Amino acid sequence: MTILKSSPLLLRMALAAMIGLVAALGLAPYEVWPLTLVSVAAVPFLIKHGGGFWRAAWIGWAYGTGYFALALSWIVEPFFVDAARDAWLAPFALISMAGGLSLFWALAFGLAQLFSGSGPTRTGLLILFWTLAEIARGYFLTGFPWAAPAQIWASTPVLPLLAWTGPQGLTLITLFVALSLSLIAAPGPRRFLGLLPGLALLVATLIVALPQETKMTGKTVRLVQPNAPQDQKWDPDFMPVFFNRQIEYTAAGPRPDLIVWPEASLSSYVYGVEDPFAELEQAAAGVPLAIGLLRPDEVGFYNSLAYFDQAGDIAQVYDKHHLVPFGEYIPFGGLLDGLGIQAIADISAGGMKSGPGPELLDFGSLGKALPLICYEAVFPQDVNRAEGRASFLLQVTNDAWFGSGSGPYQHLAQARMRAAEQGLPMIRVANTGVSAMIDPYGRIIGSLPLGTAGYIDLPLPNPLEPSFYSRTGDLLALFVTLLGIVGVSIRSVFIKALKKD
């Protein structure tokens, strides 16, 4: 600790960045969650002799930059789909995302240092301000809650706790457990207190997440995965190949109760195919379909999900409402368009247009579905905004944009979280994978691996009763966090006053 106390700020920031990078190894596809806990437990020692607000903030920024640089390394992949046009933006995208998101953590570290007194008070405030920063990150400027600390539990028995805590509440618990581990280095019997939050989490997991039987509806859903690489997806030479592949999978027997194609798997025109909708109707042979559709109108394109009924007619359409900044639209588009910067998926002069918001689609005997197109499954608050209770969640996505690295697996992890939070099954169909049926506890019933073409018929689970989180949303986590900040701050002021006397 003496070395840290006397070390210059730049050296401490470099160490913080390396430790932050280790924390990201708890996320998919690595999923070594103990490393995240150990990394976070080291944070109090980094800022223990950190001086004032700005010094601690710089350390927090460095720690976050290391974490997000590895966690979001997949973000460079979309820029190499059209490398001649976009590759030059890839390093700027990663650096700006990692450094920009780290500003939230920098503020949390700085505030914890500013308002704290003793070590335990600083650690308590760090837990609370860090959680508040994560809540803000999920909402500010449309939000980007990707790689939240709670996501380290996506493949563990802790996952069903989300039905009670929600993702922000589980982030609060995760930080509490991890930062409490720093007490193990304290002298005397107090060191054993650092194990108590972890033991409490274990007990809660055993109570809430005991193996539960998944009850089925008796309905079967076919997940169609064409595996179209993004650089070939709209190539006139390959479009009929991928379309015919999906038609073949759709027509195969035995017949399911619903067939689902991934995001943007069909447009109004397919090169080399005279009438794609007629072929689709023939292949379905009376089975309803849910298909990701690029839907043009006079002002641009909508990224949509179309529900085709048993007669082969489009019965309902949902238009994606939470578009990807810089991916499907450009914030301050008029200004940046003049600089030659355009959205990666901007497929027309009018660009992508957003729909009105979350809505349920009636799938007849299967119940009501809440559609989530790609990026929309990242936002738990959007799922909670829908009016009424769905029977299942339906995510269609094109993860070909993310390549074959960590991105598709992290996206899948967040889909599992949405299912567990709501107590709803999820049908997840991805162009290149991973397509999966997820039960209402967040467990994967069956899946198609990343980078393979094929289809799989899987049973649709029944939903659970509405979860506690589905009723409260993030308000409870926000209230507890703010109340904690007020309480710990008052305690810190009171202790300082006693010391002066």
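This report walks through the overall make-up, aromatic pairs, nonpolar cores and some unusual backbone spots of a predicted model.

## Overall make-up

Let's start with the whole chain. The predicted model contains 18 helices and 13 strands. Of its 501 residues, 54% are buried. Counting contacts between residues at least 6 apart in sequence, 69% join residues that are at least 24 apart.

The outside of the chain can be described too. About 21,000 Å² is exposed, and carbon and sulfur atoms supply 67% of that area.

## Aromatic pairs

A search of the whole structure turns up 27 aromatic pairs. One of them joins Phe68 and Trp105, with 4.9 Å from centre to centre and 50° between the planes, a tilted arrangement. Phe68 belongs to helix α5 (residues 53-71) and Trp105 to helix α7 (residues 90-115), so this pair ties together parts that are 37 residues apart in sequence. Phe68 has a relative accessible area of 0% and is buried; Trp105, at 1%, is buried as well.

A second pair to look at is Phe363 with Phe392. Their ring centres are 5.7 Å apart and their planes meet at 85°, so the pair is edge-to-face. This pair also links distant parts of the chain: Phe363 sits in the loop between β7 (361-362) and β8 (368-373), while Phe392 is in strand β9 (residues 392-397), 29 residues apart. Phe363 and Phe392 are both buried.

## A cluster and a charge over a ring

Phe68 and Trp105 are also members of one aromatic cluster, together with Tyr63, Tyr67, Phe109 and Trp130. Which residues does Trp130 contact, leaving aside its neighbours within four places in sequence? They are Val40, Val43, Tyr63, Trp105, Ala108, Phe109, Leu125, Leu175 and Leu179. Tyr63, Trp105 and Phe109 in that list are thus fellow members of the cluster.

Elsewhere, an aromatic ring has a charged partner. Lys233 lies over the face of Trp234, at 5.0 Å from the ring centre.

## Nonpolar cores

The largest nonpolar core has 87 residues. Which of them touch the most other members? These are Tyr63, Trp130, Val221, Val260, Phe363, Leu394 and Ile427. Helix α5 supplies the largest share of this core, 10 residues.

Apart from that core lies another, made up of 19 residues, including Leu266, Leu280, Ile291 and Leu293.

## The surroundings of His321

His321 is worth a visit in the viewer. Its place is the loop between β5 (314-319) and α14 (333-337). Is His321 buried or exposed? With a relative accessibility of 15%, His321 counts as buried, because the cut-off for buried is under 20%.

The side chain of His321 makes a polar contact of 2.9 Å with the side chain of Tyr318. Leaving aside neighbours within four places in sequence, His321 is in contact with Ser354, Gly355, Pro356, Gly357 and Pro358, and also with Glu376, Asp382 and Arg385.

## Cis peptide bonds

Two peptide bonds deserve a look. The bond from Ala28 to Pro29 is cis, with omega near 5°. Pro29 is located in the loop between α2 (9-23) and α3 (33-41).

The other cis peptide bond joins Gly433 and Val434, where omega is about 0°. Val434 lies in the loop between β10 (426-430) and β11 (435-438).

## Positive phi away from glycine

Where in the chain is Ala264 found? Ala264 is in the loop between β2 (258-260) and α13 (276-284). Although Ala264 is not a glycine, its phi is positive, at about 50°. Ala264 is buried, with a relative accessible area of 9%.

Cys374 is another residue that is not a glycine yet has a positive phi, here about 55°. Cys374 lies in the loop between β8 and α15 (380-385). At 9% relative accessibility, Cys374 counts as buried.

How values were computed:
Residues numbered from 1 in each chain as written. Predicted model: local features only at pLDDT ≥ 70, side-chain atom pairs only at ≥ 80, totals over all residues. Heavy atoms only, no water. Helix = DSSP H or I, 4+ residues; strand = E, 2+ residues; numbered from the N terminus. Buried < 20%, exposed > 50% of the residue type's maximum accessible area, 1.4 Å probe, protein only. Contact = heavy atoms within 4.5 Å. Areas by Shrake-Rupley, 256 points an atom, 1.4 Å probe, with all protein chains shown as cover. Phe/Tyr/Trp six-rings, centres within 6.5 Å; stacked < 30°, edge-to-face > 60°. Lys NZ or Arg CZ within 6 Å of the ring centre and 35° of its normal. Core = buried A, V, L, I, M, F, W, Y, C linked by side-chain atoms within 4.5 Å. Polar contact = N/O pair within 3.5 Å; in protein donor to acceptor, adjacent residues only side chain to side chain.
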